[in-house]
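Please look over the sequence and the structure below before reading on. The paragraphs that follow begin with a pocket and then move along the strands beside one another.

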Amino acid sequence: MKNFALILFVALMFSGCLTVNQKDILEPPYMPEIRDNEARVSSLYLFDGPIDWDKVDGVYALKLSHGLNYNSTDAEAYYQIASDNEYLYLRATVKDDIVLSTDSHPSLAWDSDSVELFVGRDIRRHTSFDRTDHMIRVNLKSDGSAQIGLDDNLYRGGEAEYELTDDGYILTLKIPFSDLRWNPLRDGDTIRAEYALNDADILNREMKLQWTGDDDLAYADASKWGNVKVVEAK
């Protein structure tokens, strides 16, 4: 019996640690299977009245642009975007096994759990941000509020809030067109956008997921964003 115990101990020492709940780690290029046919197509829905998120089809941010591997049980985000032609609205449904708040300035909040939206009206190919191009970052504060950063500055003109869920959180954002220097949208218009999620589990960011880009350059290069079609909500 003693010999059996000794053999078992030696076997475990050489085989390494046992994993009870193994996480789903993907091999390069870290792009998981698209779970719905419209995941690559984003639309901004125009409403003539209150926003009904049940009528807004969204997209997943699934491309790893920062981090060593994509962990499907760690973080995932589904983005919906809408407008009433006075405000721009964003709803992000985030799955996150460890939600980490931060009270850092918006310019530093990328290093913790935060949601990002890069958005602009100019659909011509360009790299430098023009007057309608913006980087919007929303992070979760320790007091339960949400903090908005507009172009890396603390922004108090819009509204943002988040609600914790069993497997992450739901974040909503509202920003007036006037602060974005946008004119009213029309059915059939096209805008440019990129959706991103920063995920940190302990202290610093471990992973960044994006909708279109597989490199972390959307903050500096507007040509990395994707096209978003403007449609009237039914």
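In this predicted model, the largest pocket has a volume of about 150 Å³. Its lining is made up of Ser 107, Trp 110, Glu 116, Phe 118, Met 135, Arg 137, Asp 152, Arg 205, Lys 208, Asp 216 and Tyr 219. Two or more of these residues come from each of the strands β6 (114–120), β7 (134–140) and β13 (205–210). Sorted by class, the lining of the largest pocket holds six charged residues, four nonpolar ones and one polar one.

Before going further, it helps to ask how confident the prediction is: what is the mean pLDDT of the chain? The mean is 85, and 82% of the residues reach 70 or more. Over residues 1–38, however, the pLDDT is below 50, and this stretch has 32 contacts in the model beyond near neighbours in sequence.

Among the strands that contribute to the pocket lining, β7 is a useful place to begin. Is β7 enclosed by the rest of the structure or open to the outside? Seven of its seven residues are buried, that is, each has under 20% relative accessible area, so β7 is largely enclosed by the rest of the structure. The burial extends to both faces of the strand, since His 134, Ile 136, Val 138 and Leu 140 are buried on one side, while Met 135, Arg 137 and Asn 139 are buried on the other. Met 135 and Arg 137, both on this second side, are also among the residues that line the largest pocket.

On one hand, β7 is joined to β6 by six bridges, and the two strands run antiparallel. Within this pairing, Phe 118 stands opposite Met 135 of β7, and both Phe 118 and Met 135 appear in the lining of the largest pocket. On the other hand, β7 pairs with strand β8 (residues 146–150), again in the antiparallel sense, over five bridges. Here Ile 136 stands opposite Leu 150 in β8, and Leu 140 has Ala 146 of β8 as its bridge partner. The hairpin formed by β7 and β8 has five residues between the strands, and within it Gly 144 takes a positive phi near 95°.

Strand β8 can be read in a similar way. Five of its five residues are buried, so β8 is largely enclosed by the rest of the structure. Ala 146, Ile 148 and Leu 150 point one way from the strand, whereas Gln 147 and Gly 149 point the other way, and all of them are buried. Leu 150, which faces Ile 136 of β7, also has a bridge partner in β9, namely Asn 153. The pairing of β8 with strand β9 (residues 153–155) is antiparallel and extends over three bridges.

What lies between β8 and β9? These strands form a hairpin with two residues between them, and both Asp 151 and Asp 152 have their place in this loop. Asp 151 has a phi near 55°, a positive value in a residue other than glycine, and Asp 152 likewise has a positive phi, of about 70°, although it is not a glycine. With a relative accessible area of 29%, Asp 151 is partly exposed, and Asp 152 also counts as partly exposed, at 30%. The loop leads back to the starting point, for Asp 152 is one of the residues that line the largest pocket.

Key: Residues numbered from 1 in each chain as written. Predicted model: local features only at pLDDT ≥ 70, side-chain atom pairs only at ≥ 80, totals over all residues. Heavy atoms only, no water. 1 Å grid on protein atoms, 1.4 Å probe; cavity = no way out; pocket = protein on both sides within 12 Å on 5 of 7 lines; lining within 4 Å. Points joined across faces, edges and corners; volume = space filled by probe spheres on them. Helix = DSSP H or I, 4+ residues; strand = E, 2+ residues; numbered from the N terminus. Nonpolar A, V, L, I, M, F, W, Y, C, P; charged D, E, K, R; others polar. pLDDT = per-residue confidence, 0-100. Contact = heavy atoms within 4.5 Å. Buried < 20%, exposed > 50% of the residue type's maximum accessible area, 1.4 Å probe, protein only. Pairing = 2+ DSSP bridges.
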